[in-house]
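Trainee: I would like to learn how to read strand pairing and helix packing from a set of coordinates. Where should I begin?

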Amino acid sequence: MKRLLSGFLCLLLCCSLLGCRQEEEAPILEPVEFFYPRSAFSYTDTETIVGSEQREASGHKEDLSYLLDQYFRGPHSESLSQPFPDGCHLVSTSVRSNNTIVLVITDAFSTLTGMELSIACVCLAKTATALTGYPTVIIRAKSQFLDGKRSIIIRDGDPVLYDDYIAPTYTE
């Protein structure tokens, strides 16, 4: 009887393994591109410090607030990192007549300084430009200064993200 019960349990265990399979990712129907800093960056590599991932925007392609809310939640890819502190989200947006978009972010954003602030602003500006098509992005916190400045302006193509300088070699 014990053999029969053991055999039945082994058969049941084998049958339960047939239900295991790796779940396939759903295809992206309306892709948008979100930019984040790379988790591992080498200064000898030819890639820039900023990478991107595609996300689904079905039904929300024109809803900038929704898309930026998804953006501030951070990357899905483990090769990218979250540049924004907890509590960062979009407060408001406005568009100026000169193809400029203004993004007002919660004051949690003002805790970033120096290089961290620069990288976060470049990533946010590249994402906003990819979503809206506006080449100039003005970023500001709701009521705080960003590293001593009221706002930060980034124009598409201005941030140089790849250093192709080759140092001269000296011979004696």
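**Strands, then the helix between them**

Mentor: Begin with a single bridge: Val137 has Ile154 in strand E6 as its bridge partner. This is a predicted model.

Trainee: In which sense do E5 and strand E6 pair, and over how many bridges?

Mentor: Bridges between two strands are read together to give a direction. E5 and E6 (residues 152–155) run antiparallel, with 4 bridges between them.

Trainee: In which sense does strand E4 pair with E5?

Mentor: E4 (residues 100–105) pairs with E5 in the parallel sense, over 6 bridges. One of the partnerships joins Leu103 to Ile139 in E5. Between the two strands the chain passes through H3, and this β-α-β crossover from E4 to E5 is right-handed.

Trainee: How many residues of strand E5 are buried?

Mentor: In a regular strand, side chains alternate between the two faces of the sheet. For E5 (residues 136–141), 5 of the 6 residues are buried, and the strand is mostly covered.

Trainee: What span does H3 reach from its first C-alpha to its last?

Mentor: Compare the span with the one expected at 1.5 Å a residue. H3 has 19 residues and reaches 27 Å, close to the expected 27 Å. After the helix comes Gly133, with a positive phi near 90°.

Trainee: What covers the buried residues of H3?

Mentor: List the buried positions, then look for the elements over them. The buried residues of H3 include Leu117, Ile119, Val122, Leu124 and Leu131. Their cover includes strands E1 (31–37) and E2 (50–56), helix H2 (64–72), and also E4, E5 and E6.

Trainee: Take one residue of that helix. Why does Thr127 count as buried?

Mentor: Buried means under 20% relative accessible area. Thr127 counts as buried because its relative accessibility is 0%. The residue lies in helix H3 (residues 114–132).

Trainee: Which backbone oxygen does the side chain of Thr127 reach?

Mentor: For a polar side chain, look for a partner atom. The Thr127 side chain reaches the backbone oxygen of Cys123, at 2.9 Å. Leaving out residues up to four places away in sequence, Thr127 touches Glu33, Phe34, Phe35, Leu68 and Tyr71.

Trainee: How do the elements run along the whole protein?

Mentor: Read them from the N terminus on: α-β-β-α-β-β-α-β-β. That order holds 3 helices and 6 strands. Of the 172 residues in the protein, 31% are buried. Among contacts between residues at least 6 apart in sequence, 56% join residues at least 24 apart.

Terms used
Residues are numbered from 1 along each chain as its sequence is written. This is a predicted model: local features need pLDDT of at least 70, side-chain atom pairs count only at pLDDT 80 or more; totals for chains, interfaces and linings use all residues. Side-chain values use heavy atoms; hydrogens and water are left out. Buried means under 20% relative accessible area, exposed over 50%, partly exposed in between (1.4 Å probe, protein chains only). A polar contact is a pair of N or O atoms within 3.5 Å; within protein, one must be able to donate a hydrogen and the other to accept it, and residues adjacent in sequence count only if both atoms are side-chain atoms. Contact means heavy atoms within 4.5 Å. Two strands pair if DSSP finds at least two bridges between them. A crossover is right-handed if, with the strands pointing away from the viewer, the path from the first strand over the helix to the second runs clockwise. The expected span of a helix is 1.5 Å times one less than its number of residues.
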